[in-house]
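Thank you all for coming; today I would like to walk through one chain with you, slowly and in order. Please keep the picture in view while I talk.

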Amino acid sequence: MEHILEGLLLILASVFIHGTGTLVLLRALDVYGIWWERHHGVVVNTFTLSWVVSTLVILHLVEIAVYAFFYRQQGILPDFETALYFSLVTYTTVGYGDVVLTREWRLFGSSEALVGILMTAWSTAVLIGVVTTLHRKSLDRWKATFEGRHDGQIGDQGQVDKP
């Protein structure tokens, strides 16, 4: 219980990093959307999704590194590599148990797992939103193309009769 303030500060730092990164990502997608409208297709959609996922992973890695830096600076873990490893398995809730915190810091370590779950859920929501938007725009474009080719009635011999 003695390290609650440090835990809250790192939680706030994680939320700030994730929030800022997400807002920048969404703003970039808005700006990029104009380009996407002109250059749509499977390759562009795949690039867009890859870019979004990569950006979200980078945000998570920055948050993990912040925790690792804290563990090392406080002397909680012996070196940065161990701190980074512990932070990664804690944030992702894998928790192998081969590196553990002392009794004094155990509750603090648990707060990182909670943050990891929340930030991963946040990223999942963003990714679902992007996939849904890309899918909807692709369908709209396909429907517009299809309707543009079939804007008349089909005649007796399978030809389109213009009204």
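**A contact inside the chain**

Let me begin with a single pair of side chains, those of His18 and Glu63, which are joined by a polar contact of 2.6 Å. Before I go further, please keep in mind that what you see is a predicted model.

Where does His18 sit along the chain? His18 belongs to helix H1, which covers residues 4-38. Is His18 buried or exposed? Its relative accessible area is 0%, and because anything under 20% is called buried, His18 is buried. If we leave aside residues up to four places away in sequence, His18 touches Leu59, His60 and Glu63, and also Met119, Trp122 and Ser123.

Staying in helix H1, we come to Gly21, which has a relative accessible area of 14% and is therefore also buried. Between Gly21 and His60 there are 9.9 Å in space, going from C-alpha to C-alpha, although the two are 39 residues apart in sequence.

**The chain as a whole**

Now let us step back and look at how the chain is built. There are four helices and two strands, and, when we read from the N terminus, the order of the elements is α-α-α-α-β-β. The chain has 163 residues, of which 33% are buried. If we consider contacts between residues at least 6 apart in sequence, 60% of them join residues that are at least 24 apart.

**The aromatic pairs**

How many aromatic pairs does the chain hold? The count comes to nine aromatic pairs. Take Phe70 and Trp105: their ring centres are 5.9 Å apart and their planes meet at 70°, and since planes over 60 degrees apart count as edge-to-face, that is what we call this pair. This pair links distant parts of the chain, because Phe70 lies in helix H2 while Trp105 lies in the loop between H3 and helix H4 (106-149), with their positions 35 residues apart in the numbering. Phe70 counts as buried at 14% relative accessibility, and Trp105 likewise counts as buried, at 8%.

Another edge-to-face pair is formed by Tyr71 and Phe108, with 5.8 Å from centre to centre and 85° between the planes. Here too distant parts of the chain are linked, with Tyr71 in helix H2 and Phe108 in helix H4, 37 residues apart. Tyr71 counts as buried at 0% relative accessibility, and Phe108 is buried with a relative accessible area of 4%. Ring pairs bring these four residues together with Tyr67 and Phe86 in a cluster, so that its members are Tyr67, Phe70, Tyr71, Phe86, Trp105 and Phe108.

**The surface**

Finally, let us turn to the outside. The chain exposes about 10600 Å², and carbon and sulfur atoms supply 66% of that area. Which residues make the nonpolar surface patch? Val53, Val57, Leu61 and Leu88 make this patch, which is about 310 Å². Helix H2, running over residues 42-73, gives the most to the patch, with three residues. Leu88, for its part, is placed in helix H3, which spans residues 80-91. With a relative accessible area of 38%, Leu88 is partly exposed, because its value falls between the limits of 20% and 50%.

To close, I would ask you to return to the contact where we began, between the side chains of His18 and Glu63, and to find His18 once more in helix H1.

Notes:
Residues are numbered from 1 along each chain as its sequence is written. This is a predicted model: local features need pLDDT of at least 70, side-chain atom pairs count only at pLDDT 80 or more; totals for chains, interfaces and linings use all residues. Side-chain values use heavy atoms; hydrogens and water are left out. Buried means under 20% relative accessible area, exposed over 50%, partly exposed in between (1.4 Å probe, protein chains only). A polar contact is a pair of N or O atoms within 3.5 Å; within protein, one must be able to donate a hydrogen and the other to accept it, and residues adjacent in sequence count only if both atoms are side-chain atoms. Contact means heavy atoms within 4.5 Å. Patches are made of residues with over 30% relative accessible area and no salt bridge: like charges are joined within 9 Å, nonpolar side chains (Val, Leu, Ile, Met, Phe, Trp, Tyr) within 5 Å. Accessible areas come from the Shrake-Rupley method with a 1.4 Å probe; for residues, only the protein chains shown count as cover. A salt bridge is a side-chain nitrogen of Lys or Arg within 4 Å of a carboxyl oxygen of Asp or Glu. Rings of Phe, Tyr and Trp (its six-membered ring) pair if their centres lie within 6.5 Å; planes under 30 degrees apart count as stacked, over 60 as edge-to-face and the rest as tilted.
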